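Trainee: I should like to go through the reasoning behind the terms applied to this structure. May we begin once the model is displayed?

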Amino acid sequence: MQRVRLRYTKRGRLRFTSHRDFQRAFERALRRAAVPMAYSAGFTPHPKVSYANAAPTGTGSEAEYLEIALTEARDPERLRELLDESMPSGLDIIEAVEARTSGLADRLTASVWELRLDGVEPAEAERAVAAFMAAETVEVSRKTKNGVRTFDARSAVAGLETVPGTHGPQADRPSDQACAILRLVVRHVTPAVRPDDVLSGLRAVADLAPPVAAAVTRLAQGLFDEETGTVTDPLAPDREAVAAAPTDRTGAAETAAAKASA
């Protein structure tokens, strides 16, 4: 059995697809691409696909991850190409690597988000960000299936700042008006703090209320480095293990040959 980890996107109008919609599209792509999937046991076998920390419906993403299990080995890059060709444009499979390490989900401890606030002056956004970051706690409320829940949105935020430019992943949004762009780094905690919770916090502490809904895009997710304040690539350990594998095999062969000659 071979395990392959994939990174995919939700772009443009496809950001409005739910996670269930993506699952259906991906399973159809697996069949079209004739991927030799491993299946679960039982009366209703299903392909072994593990999804990790999917973005909320309505948000775009450049960094969604999943893992599939195969019954036969395949070249990851060729597999990526076949799956990408079989997916709708906007749900793009952009990276594939053979899984050589464990715990992909454990390496997704933080996300980097871009929040595009059309109709908001950058200076106004800067004042709101400063107020939010200066606060010890920022309580917000969110409606859940168990009722309204109140929690602190500030403690999970590792970084929040305004950034220049209007040509990010949501550049198709209107650009002939004031626009502020925020870069948010948030830890994955329980309860989860989402970008819309941070926007609610900005409204609470600084009365920042964009006239139109914010365009939200996840730019990255992975391990949070406390020293640098950055989010690292979760697939890097697998790429490093794949690159080191030929050396390891060569070293093992040389050791075996040496023992045989002795």
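Trainee: What share of the contacts in the chain with a separation of 6 or more is accounted for by residues 24 or more positions apart?

Mentor: The model is a predicted one. In it, 78% of the contacts with a separation of 6 or more are between residues 24 or more positions apart. The chain contains five helices and twelve strands, and buried residues make up 40% of its 262 residues.

Trainee: Why are Y8 and F22 called a stacked pair?

Mentor: Two rings pair if their centres lie within 6.5 Å, and planes under 30 degrees apart count as stacked. For Y8 and F22, the centres are 4.0 Å apart and the planes make 10 degrees. Both values satisfy the cut-offs, so the pair is stacked.

Trainee: What makes this pair a tie between parts of the chain?

Mentor: Y8 belongs to strand β1 and F22 to helix α1, so the pair ties together parts that are 14 residues apart in sequence. Y8 and F22 are both buried, a term that requires under 20% relative accessible area.

Trainee: Why is the pair of F22 and F26 also called stacked?

Mentor: The ring centres of F22 and F26 are 5.8 Å apart, with their planes at 15 degrees. The limits are 6.5 Å for the centres and 30 degrees for the planes, so this pair is stacked. F22 and F26 both lie in helix α1, four residues apart, which is about one turn of the helix. Both of these residues are buried.

Trainee: Which residues do the ring pairs link into a cluster?

Mentor: The cluster consists of Y8, F22, F26 and Y51. The structure holds three aromatic pairs.

Trainee: How many cavities of 30 Å³ or more does the structure hold, and what lines the largest cavity?

Mentor: There is one cavity of 30 Å³ or more. The largest cavity has about 50 Å³ of space, and its lining is formed by Y8, K10, T17, S18, H19, F22, A54, A55 and E64. Strand β1 (2-10) and helix α1 (19-32) each supply at least two residues of that lining.

Trainee: How do you know that the lining divides into four nonpolar, three polar and two charged residues?

Mentor: Ala, Phe and Tyr count as nonpolar, so Y8, F22, A54 and A55 are the four nonpolar residues. Lys and Glu count as charged, so K10 and E64 are the two charged ones. The others count as polar, so T17, S18 and H19 complete the division.

How values were computed
Residues are numbered from 1 along each chain as its sequence is written. This is a predicted model: local features need pLDDT of at least 70, side-chain atom pairs count only at pLDDT 80 or more; totals for chains, interfaces and linings use all residues. Side-chain values use heavy atoms; hydrogens and water are left out. On a 1 Å grid over the protein atoms alone, a cavity is a set of points where a 1.4 Å probe fits but cannot get out, and a pocket is an open set with protein on both sides within 12 Å along at least five of seven lines; lining residues have an atom within 4 Å of a point. Grid points are joined across faces, edges and corners, and a volume is the space filled by probe spheres set on the points. Rings of Phe, Tyr and Trp (its six-membered ring) pair if their centres lie within 6.5 Å; planes under 30 degrees apart count as stacked, over 60 as edge-to-face and the rest as tilted. Buried means under 20% relative accessible area, exposed over 50%, partly exposed in between (1.4 Å probe, protein chains only). Contact means heavy atoms within 4.5 Å.
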